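Dear colleague,

I am passing on the structure below, and I would be glad if you could look through it alongside the notes that follow.

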Amino acid sequence: MGRHTNPIRLVIFGRQGAGKGTQCVRLVKEFGVLHISTGDMLRSAVAAETELGLAAKAIMDAGDLVGNEIMIGLVRERIAMPDAADGFVLDGFPRTVGQAEALALLLGDNHLHAAVDLEVSLDEVTSRMKARARADDTDEGIARRLSLYEQETRPVLRWFADRDLLLTVDGLGAEEEVTARLVAAINSKL
Ligand code: AMP
């Protein structure tokens, strides 16, 4: 567990293959925060065949984005739950500028401390994903997901940079080295 007593609120960005999932587990330990992944929440809803899951499945299968209204409602409910009062790292949200603006309104005075971009070059993530060689990691699939990241997420990163909240952290290297960089960067904002 981390040494921090005040709730810490973070957002994490990273291309697919940047190691975001691994680092989120480590940040949870370091800062004692909750990991809130909108992708995981949606996959659970799909598995449970809830109304949301039924609506989201086709959109997710197509690699498209679920609508802002649905996503904002989902995050609003999640961060209102008591466990989120101890802080969180949001993973997968916001993915559009509209979502970022809505999040700022939802949080109000309990604003974010930082938005972290785990930076790994396009060449590196492409070769990592090819090495993983999952069935859905075709060359076309990889290229599509990576280009969607550039189109959709870059403007959100700029939105956070404009508000002096963006931390860009080099995601290359051993897992624990990357964690140490993340922790140092985040601590600089606390
Ligand atoms: P992820 O695991 O974060 O890559 O999310 C998996 C899929 O869930 C995405 O490809 C989207 O279809 C959907 N999704 C997750 N988070 C969001 C979001 N913030 N806005 C829209 N769609 C989302």
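How far apart should the ends of α7 be, at 1.5 Å a residue? With its 24 residues α7 should span 34 Å (1.5 Å times one less than the number of residues), and its end C-alpha atoms are 34 Å apart, which agrees. This is a predicted model, in which local features need pLDDT of at least 70 and side-chain atom pairs count only at pLDDT 80 or more, while totals for chains, interfaces and linings use all residues. Residues are numbered from 1 along each chain as its sequence is written, and side-chain values use heavy atoms, leaving out hydrogens and water.

α7 (helices being DSSP runs of H or I with at least four residues, strands runs of E with at least two, numbered from the N terminus) bends by about 40° at T153 (the angle between axes fitted to the seven residues ending there and the seven starting there), and the proline P155 follows within four residues. Among the buried residues of α7 (under 20% relative accessible area, with a 1.4 Å probe and protein chains only) are T153, W159 and F160.

The largest nonpolar core (buried Ala, Val, Leu, Ile, Met, Phe, Trp, Tyr and Cys residues joined through side-chain atoms within 4.5 Å) has 27 residues, and F13, F88, L103 and F160 have the most contacts inside it. Elements including β1, α5 and α7 each supply at least two residues of this core.

As for the ligand, 13 residues surround it (a heavy atom within 4 Å), with T38, R43, D64, G92 and R95 the closest. A backbone N or O atom of G92 lies 2.9 Å from a ligand nitrogen atom.

Best regards

Terms used
Buried means under 20% relative accessible area, exposed over 50%, partly exposed in between (1.4 Å probe, protein chains only). A polar contact is a pair of N or O atoms within 3.5 Å; within protein, one must be able to donate a hydrogen and the other to accept it, and residues adjacent in sequence count only if both atoms are side-chain atoms.
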